[in-house]
Amino acid sequence: MLKTLPLRSLALLCFSALLVAAVSSSLLADAQAGESCAPRNLRTSNWRTDFCNSIVDFNEILVGNPSKDGIPSVTDPRMETVEEARTWLVDRSPVIALEIDGEARAYPLAILMWHEIANDQVGSLPVAVTFCPLCNSAIAYDRRVDEAVLDFGVSGLLRNSDLVMYDRQTETWWQQLTGEGLAGEHAGALLDIVPSQVISFGSYAQRHADGLVMSRDTGFSRQYGMNPYRGYDSRTGRPFLFDGVIDSRLPSPVEHVLAAQINDIAIAYPFSILRDVGIINDVVGQMPVAAFYQGGVASALDDAVIANARDIGTAGLYRADLDGTTLEFALDESGGFVDAQTGSSWNAFGEAVSGELAGAQLEWINAFPHFWFAWAAFHPDTLVYGLDG
């Protein structure tokens, strides 16, 4: 004999069924919306990125490596002493050098060539030290976003031939050259730049004898010290997987430039000029700046053996005002720099080493070496020193 449910129980049962149906419908709609937002030109089945939250045209993104983490980033890299690093690095070996809270670390491009990202902590700061070989872009970033510490990996994707990174916490896609979130939870966010420079291992060892150097003991078997992109920075054709417009103001797409964005002004200093003059005094907007060049740094993208590569040098950009006085610099007889105002001597790191201003330090500006085509692709309004006023 069937029992009739009380009206109240029947009503609750109907309400529960409607609620389950509504939630299921909402979840299905969200899933379908997510699928409809996913880029149609890319395989995204192994991504949990929120593609509906995006600031990029996905047609600009190309596949460089067919799999996520096909190029493995390194987290908490092992470090060794300068003396231990001397057993395999030469003075001309290029390294990304940074110093935080009095702790100095160097990351050889001979290693980052094969991993592109090192997730590390230097002093109290979690950092991502990044290098995109195809764009010759070496930049360090603060890994903190909205109070969360992110770990970055290599997506296998490229935009304007530049590495697209991703974070393992939200799988947001990030542009390596600009630090901008492209798609996902953090789309539109900007990573904070950590001051760093590409310098020679010899310069690093001289300045930081007690500093640390990233070790080849990464847990991976790679040909550290070898360059798989032999001759890349002297090629004359279109850069690999770059389908944008090449800015022809410089003769080669892979011309090395020291590039920066100062307020709303993008500026590029060609290494071909820097090598000839050694020092550039300039004004960007209202800011006086000085670009110091130093030789003795091997190109990471020339010879198959990085230690044997040609000397491409490096450069740093600094504010050229100190305590309200604008300084103008020139080369001195020893190959260093001297200011016209006090006659003080300076090194290529913006430090006064002797004279009236001895001990003074110029303010470092976020400027990094890049290939011209890559910087210009992201900053098409860039002023080129020697060409644009």
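How many disulfides does a search of the whole structure find? One. Keep in mind that this is a predicted model, so everything I show today is computed from that model.

Let's start with the cysteines, then. The disulfide is between C37 and C52, and the two sulfur atoms sit 2.1 Å apart. As a reminder, a disulfide is a covalent bond between the sulfur atoms of two cysteines. If you look at the torsion about the S-S bond of C37 and C52, you get about 95°, so this disulfide is right-handed. And where does the pair sit in the chain? C37 belongs to helix α1, which covers residues 7-37, while C52 is in the loop between α1 and β1 (61-63). The two cysteines are 15 residues apart, and the pair links distant parts of the chain.

How about exposure? C37 has a relative accessibility of 24%, so that one counts as partly exposed. C52 is partly exposed too, with a relative accessible area of 42%.

Now, there's another cysteine pair you might be eyeing on the screen, C132 and C135. Why is there no bond between them? The closest cysteine sulfur to that of C132 is in C135, and 4.1 Å is too far for a bond; the cut-off for a disulfide is sulfur atoms within 2.5 Å. Looking from the other side, C135 is in no disulfide, and its nearest cysteine sulfur is that of C132, 4.1 Å away. As for accessibility, C132 is buried, with a relative accessible area of 2%. C135 is at 0% relative accessibility, so it counts as buried.

Okay, on to the empty space, pockets to begin with. The largest pocket has a volume of about 500 Å³. There are 22 residues lining that pocket, and the closest to its centre are T178, I193, Q261, W375 and H379. Which elements give two or more residues to that lining? Those are β8 (137-142), β18 (256-262), β29 (367-371) and α6 (372-378). β18 gives the most, with four residues. For anyone thinking about chemistry, the lining of the largest pocket splits by class into 14 nonpolar, six polar and two charged residues.

The second largest pocket holds about 360 Å³ of space. It is lined by 14 residues, and nearest its centre you find E99, Q197, R207, F349 and W364. On the element side, β4 (94-100) and β16 (197-200) each supply at least two residues of the lining. β4 has the largest share there, three residues. By class, that lining comes out as seven nonpolar, four polar and three charged.

Next, the closed spaces. How many cavities of 30 Å³ or more are there? Two. The largest cavity has about 150 Å³ of space. It is lined by 18 residues, with N136, V198, H256, I312 and P369 nearest its centre. In class terms, the lining of the largest cavity has 12 nonpolar residues, five polar and one charged.

The second largest cavity has a volume of about 30 Å³. Here I can just read you the whole lining: Q197, V198, L258, T314, A315, A367 and P369. Three strands, β16, β22 (314-319) and β29, each supply at least two of the lining residues. Five residues of that lining are nonpolar, two are polar, and none is charged. If you're colouring the structure as we go, V198 and P369 are worth marking, since they turn up among the residues nearest the centre of the largest cavity and again in the lining of the second largest cavity.

Last stop, a sheet, and β22 comes back here. It's an open sheet of three strands in the order β20-β21-β22, with antiparallel pairing. At the edges are β20 (279-284) and β22, each with a single partner strand, so one side of each has no neighbour in the sheet. Ignoring direction, neighbouring strands in this sheet are turned against each other by 25° on average.

Zooming in on one pairing: β20 and β21 (residues 287-294) run antiparallel and are joined by six bridges. What stands opposite V283? That's P288, in β21.

That's what I had. Over to you for questions.

Notes: Residues are numbered from 1 along each chain as its sequence is written. This is a predicted model: local features need pLDDT of at least 70, side-chain atom pairs count only at pLDDT 80 or more; totals for chains, interfaces and linings use all residues. Side-chain values use heavy atoms; hydrogens and water are left out. On a 1 Å grid over the protein atoms alone, a cavity is a set of points where a 1.4 Å probe fits but cannot get out, and a pocket is an open set with protein on both sides within 12 Å along at least five of seven lines; lining residues have an atom within 4 Å of a point. Grid points are joined across faces, edges and corners, and a volume is the space filled by probe spheres set on the points. Ala, Val, Leu, Ile, Met, Phe, Trp, Tyr, Cys and Pro count as nonpolar, Asp, Glu, Lys and Arg as charged, and the others, Gly among them, as polar. Buried means under 20% relative accessible area, exposed over 50%, partly exposed in between (1.4 Å probe, protein chains only). Two strands pair if DSSP finds at least two bridges between them. Axes are lines fitted to C-alpha atoms, for helices over the stretch in contact, and angles run from 0 to 180 degrees between N-to-C directions.
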